[in-house]
Amino acid sequence: ITLFADEAYEYKYCVCEVNEHGQRVPVEWQVGHNHGFAFDSNLIVNQNMKAKAQIRDKFLADPAHTPIILFGPNGEKFETGSTALLHNFSNHIAESGFENLRTSLERLNAILAKSQRKNLEA
């Protein structure tokens with residue numbers, strides 16, 4: 001499936017059967033916590049990774065044995081886990097948020113300074 005970078009996703013597996021009307025109906029949901037996945041765009045931009053990942057998880061959740069494979073520009077494979085990806089993703093989003101906040105505060109400060117100069121001139 002296609003997912004977007006810089007978005008966090010949660011998912012859970014469900015076993016379905018087809019009923020007499022040809023519709024899929026849930027039979028069993030995966031127990032435990034939801035799985036998590038996020039692909040930080042910095043991996044593509046700064047580390048030249050391909051915008052492709054392969055998640056190797058199972059119906060019975062086992063985070064310690066659920067590798068995520070990332071692909072380098074020449075097809076190299078790098079194994080990581082969802083915890084590491086989500087940690088790096090969180091740091092990137094936080095840094096972006098702080099940068100946006102800093103920029104907004106600088107603009108606000110400039111507007112206030114300009115307003116104060118106009119008030120002093122009047």
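Here are three short exercises, with solutions, on a predicted model of a protein chain.

**Exercise 1.** Work out how many helices and strands the chain has, and in what pattern they follow one another.

*Solution.* Start with the count: there are 2 helices and 7 strands. Next, walk along the sequence and write down each element as you meet it, which gives β-β-β-β-α-β-β-β-α.

**Exercise 2.** Find the largest pocket and describe what lines it.

*Solution.* Begin with its volume, about 410 Å³. Then look at the walls: 16 residues line this pocket, and Ile 1, Thr 2, Leu 3, Phe 37 and Ala 53 sit nearest its centre. Now ask which elements give two or more residues to that lining; they are strand S1 (8-11) and strand S5 (53-55). Finally, sort the lining by class, and you get 13 nonpolar, 1 polar and 2 charged residues.

**Exercise 3.** Hunt for cavities of 30 Å³ or more, and say which residues line the largest cavity.

*Solution.* Rolling a probe the size of a water molecule over the atoms shows where empty space is left. Searching the whole structure turns up 1 cavity of 30 Å³ or more. The volume of the largest cavity is about 30 Å³. Around it you'll find His 35, Asp 57, Lys 58, Leu 60, Ala 61, Asp 62, His 65 and Thr 66. Split by class, that lining holds 2 nonpolar, 3 polar and 3 charged residues.

Terms used. Residues are numbered from 1 along each chain as its sequence is written. This is a predicted model: local features need pLDDT of at least 70, side-chain atom pairs count only at pLDDT 80 or more; totals for chains, interfaces and linings use all residues. Side-chain values use heavy atoms; hydrogens and water are left out. On a 1 Å grid over the protein atoms alone, a cavity is a set of points where a 1.4 Å probe fits but cannot get out, and a pocket is an open set with protein on both sides within 12 Å along at least five of seven lines; lining residues have an atom within 4 Å of a point. Grid points are joined across faces, edges and corners, and a volume is the space filled by probe spheres set on the points. Helices (H or I, at least four residues) and strands (E, at least two) are DSSP runs, numbered from the N terminus. Ala, Val, Leu, Ile, Met, Phe, Trp, Tyr, Cys and Pro count as nonpolar, Asp, Glu, Lys and Arg as charged, and the others, Gly among them, as polar.
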